[in-house]
Amino acid sequence: MRKRWASLGWERSWLGYPTRGEHAVPGGRRTDFQHGYAYWNAANNTVTTSGY
C-alpha cells in the first residue's frame, strides 16, 4: 500500500494524508486516508485505491 501511495504522490495525491494506520479487514489489509483508502487483497496480492 505504501508503494501505491508513493506512486500517486504521497500526501499531495487525491488520497491526502493517512487517518488510520494499516489494519486487518476481511480478505486483506486496509489503510484509510483523508479522501479514500488503499486495500491490499491477500488472495491475489494486489492493491486497489478508492475515494470517498
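The legends below describe close-up views of a predicted model.

**View 1. His-23 in strand 1 and its surroundings.** His-23 belongs to strand 1, which covers residues 18–25, and with a relative accessibility of 12% this residue counts as buried, because the limit for that class is under 20%. Its side chain reaches the backbone oxygen of Gly-21 at a distance of 3.0 Å. When neighbours within four places in sequence are left aside, the residues in contact with His-23 are Gly-28, Arg-29, Arg-30 and Asp-32.

**View 2. Trp-5 and Trp-10, one of the three aromatic pairs in the structure.** The ring centres of Trp-5 and Trp-10 are 5.0 Å apart and the ring planes stand at 80 degrees, so this pair is edge-to-face. Trp-5 is buried, at a relative accessible area of 13%, whereas Trp-10, at 27% relative accessibility, counts as partly exposed. Ring pairs also bring in Phe-33, so that Trp-5, Trp-10 and Phe-33 are linked into a cluster.

**View 3. Tyr-37 with Tyr-52, and the charged end of Arg-30.** Which two rings have their centres 6.2 Å apart, with their planes at 45 degrees? They are the rings of Tyr-37 and Tyr-52, and at that angle the pair is tilted. Because Tyr-37 lies in strand 3 (residues 36–41) and Tyr-52 in the segment after strand 4 (46–51), the pair ties together parts that are 15 residues apart in sequence. Tyr-37 is partly exposed, at 23% relative accessibility, while Tyr-52, with a relative accessible area of 60%, is exposed. The ring of Tyr-37 has a further partner in this view, since the charged end of Arg-30 sits over it, 3.9 Å from the ring centre.

**View 4. Strand 2 paired with strand 3.** Strand 2 (residues 28–33) and strand 3 run antiparallel and are joined by six bridges, and the hairpin that connects them passes through two residues. Within this pairing, Thr-31 has Ala-38 of strand 3 as its bridge partner.

**View 5. Strand 3 paired with strand 4.** Six bridges also join strand 3 to strand 4, and these two strands run antiparallel. Ala-38, the bridge partner of Thr-31, stands opposite Thr-49 in strand 4. The hairpin formed by strand 3 and strand 4 has four residues between the strands, and in its turn Asn-45 has a positive phi of about 55 degrees. When side chains are followed along such elements, it helps to recall that in a regular strand they alternate between the two faces of the sheet.

Technical notes: Residues numbered from 1 in each chain as written. Predicted model: local features only at pLDDT ≥ 70, side-chain atom pairs only at ≥ 80, totals over all residues. Heavy atoms only, no water. Buried < 20%, exposed > 50% of the residue type's maximum accessible area, 1.4 Å probe, protein only. Polar contact = N/O pair within 3.5 Å; in protein donor to acceptor, adjacent residues only side chain to side chain. Contact = heavy atoms within 4.5 Å. Phe/Tyr/Trp six-rings, centres within 6.5 Å; stacked < 30°, edge-to-face > 60°. Lys NZ or Arg CZ within 6 Å of the ring centre and 35° of its normal. Pairing = 2+ DSSP bridges.
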